[in-house]
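Got your viewer open and a way to select residues by number? Let's take a walk through this protein, one stop at a time.

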Amino acid sequence: MFHHLRQDIRAIIERDPAARNAWEVLTCYPGLHAIVAHRWAHWCWRRGFKWLGRFIGYLARIVTGIEIHPGAVIGRRVFIDHGFGVVIGETAVVGDDCTIYQGVTLGGTSLVAGSKRHPTLERGVIVGAGAQVLGGFTVGEYAKVGSNAVLLKPVPAGSTAVGNPARVVVKEAPGEPAMHAFAAYGVTPNGTDPLSKALHGLIAQSAAQEEQIARIVALLQARGIDCSGVEAAAGADDTARLNKLVD
């Protein structure tokens, strides 16, 4: 137990620049307290002391504001940062080196007792503040879930999912250095929403077509052909305005 505790403290110091020393982490970090209490509760749960496990989890929730069902499986070096409002369901699995921020729910959408109702987070997953991960699917290794995302389907390893409903916006090949890089709150560079990218593309295509129409009209008018019925192009100002609205 003490070996795991030392690993947990070291992992928190590595991922949180506000953590000054091990004593501060041990005494002032509710995420660490919730993990330690869960280990006791899970030990009781696996040995048939169901009520005692639930009661330990209940006391931990009162003290830390973090609710972890004693049946959930939590790996090593898991960091629950700030932690208030985190809920982890009975059949959830959180792999080693995962990071979970405040307000996260690892919840279930099925009402069938005994089934895999809650998500599985593989090694190194980061779940940003307020994200809701709902269902019995798997989030692949070192994937990132952006803040306030509502994730309802699997995420490939090394990918980033954002939005409501969440969409995969960044895909990295396994083994790439960026795949293992820590990103606070699941924020990654160039993580634009794919819907926004698609709309920007349509706006750019529409602007290009309007420019072509304007050139064709100018050539026809130069040859003496009346084009008074053809509408003028919208212009660059409208294109810039639409792009700002999409952003």
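Before the first stop, one term: a cavity is a set of grid points where a 1.4 Å probe fits but cannot get out. By that rule, how many cavities of 30 Å³ or more are there? The count comes to one. Keep in mind that you are looking at a predicted model.

**Stop 1: the cavity**

Select Ala34, Ala37, His38, Ala41, Ile56, Gly57, Ala60, Ile66 and Ile68, and you have the lining of the largest cavity. The space inside has a volume of about 40 Å³. Why bother with a probe at all? Rolling a probe the size of a water molecule over the atoms shows where empty space is left.

Now colour that lining by class: seven residues are nonpolar, two are polar and none is charged. Helices H3 and H4 are the elements that give two or more residues to this lining. H3 has the largest share, with four residues.

**Stop 2: the two helices**

Show H4 (residues 50-64) as a cartoon, and H3 (30-46) with it. Two packed helices are described by the angle between their axes and the distance between the axes. For H3 and H4 the angle is about 170° and the axes are 7 Å apart. Angles over 145 degrees count as roughly antiparallel, so that is what H3 and H4 are to each other.

Next, turn on side chains where the helices touch. From H3, pick Pro30, His33, Ala34, Ala37, Trp40, Ala41, Cys44 and Trp45. They meet Lys50, Leu52, Gly53, Arg54, Ile56, Gly57, Ala60 and Thr64 in H4. Sorted by class, the residues of this contact are ten nonpolar, four polar and two charged.

**Stop 3: the pocket**

Keep H3 on screen and add the residues around the largest pocket: His4, His38, Arg39, His42, Trp43, Arg46, Arg47, Val73, Ile74, Gly75 and Arg76. About 220 Å³ of space lies in there. Which element gives the largest share of the lining? H3 does, with five residues. Both H3 and strand E2 (73-74) supply at least two residues each.

Colour by class again, and this lining has three nonpolar, four polar and four charged residues. You may spot His38, which is part of the pocket lining and also of the cavity lining.

**Stop 4: the five-stranded sheet**

Hide the side chains and look for the strands. One open sheet has five of them, in the order E1-E4-E7-E10-E13, with parallel pairing. Its edges are E1 (67-68) and E13 (150-151), each of which pairs on one side only.

Zoom in on E4 (residues 87-88) and E7 (residues 105-107), a parallel pair held over two bridges. Select Val87 and look for its bridge partner in E7: you should land on Thr105.

**Stop 5: the six-stranded sheet**

There is also an open sheet of six strands, ordered E3-E6-E9-E12-E14-E15, and here the pairing is mixed. The edge strands are E3 (79-80) and E15 (167-170), each pairing on one side only.

To see the mix, start at E3. Two bridges join E3 to E6 (residues 99-100), and these strands run parallel. Ile80 stands opposite Ile100 in E6. Then jump to E14 (residues 160-162), which pairs with E15 in the antiparallel sense over three bridges. Thr160 stands opposite Val170 in E15.

**Stop 6: backbone oddities**

For the last stop, a quick rule of thumb: most residues other than glycine have a negative phi, and most peptide bonds are trans. Stay at the hairpin of E14 and E15, which has four residues between the strands. There, Gly163 takes a positive phi near 100°. Now select Asn164 and Pro165: is the peptide bond that joins them cis or trans? The bond is cis, with omega at about -5°. Pro165 is found in the loop between E14 and E15.

Finish at His82, in the loop between E3 and E4. This residue is not a glycine, yet its phi is positive, near 60°.

Key:
Residues numbered from 1 in each chain as written. Predicted model: local features only at pLDDT ≥ 70, side-chain atom pairs only at ≥ 80, totals over all residues. Heavy atoms only, no water. 1 Å grid on protein atoms, 1.4 Å probe; cavity = no way out; pocket = protein on both sides within 12 Å on 5 of 7 lines; lining within 4 Å. Points joined across faces, edges and corners; volume = space filled by probe spheres on them. Nonpolar A, V, L, I, M, F, W, Y, C, P; charged D, E, K, R; others polar. Pairing = 2+ DSSP bridges. Axes fitted to C-alpha atoms, helices over the stretch in contact; angles between N-to-C directions. Parallel < 35°, antiparallel > 145°, perpendicular 65-115°, else oblique. Contact = heavy atoms within 4.5 Å.
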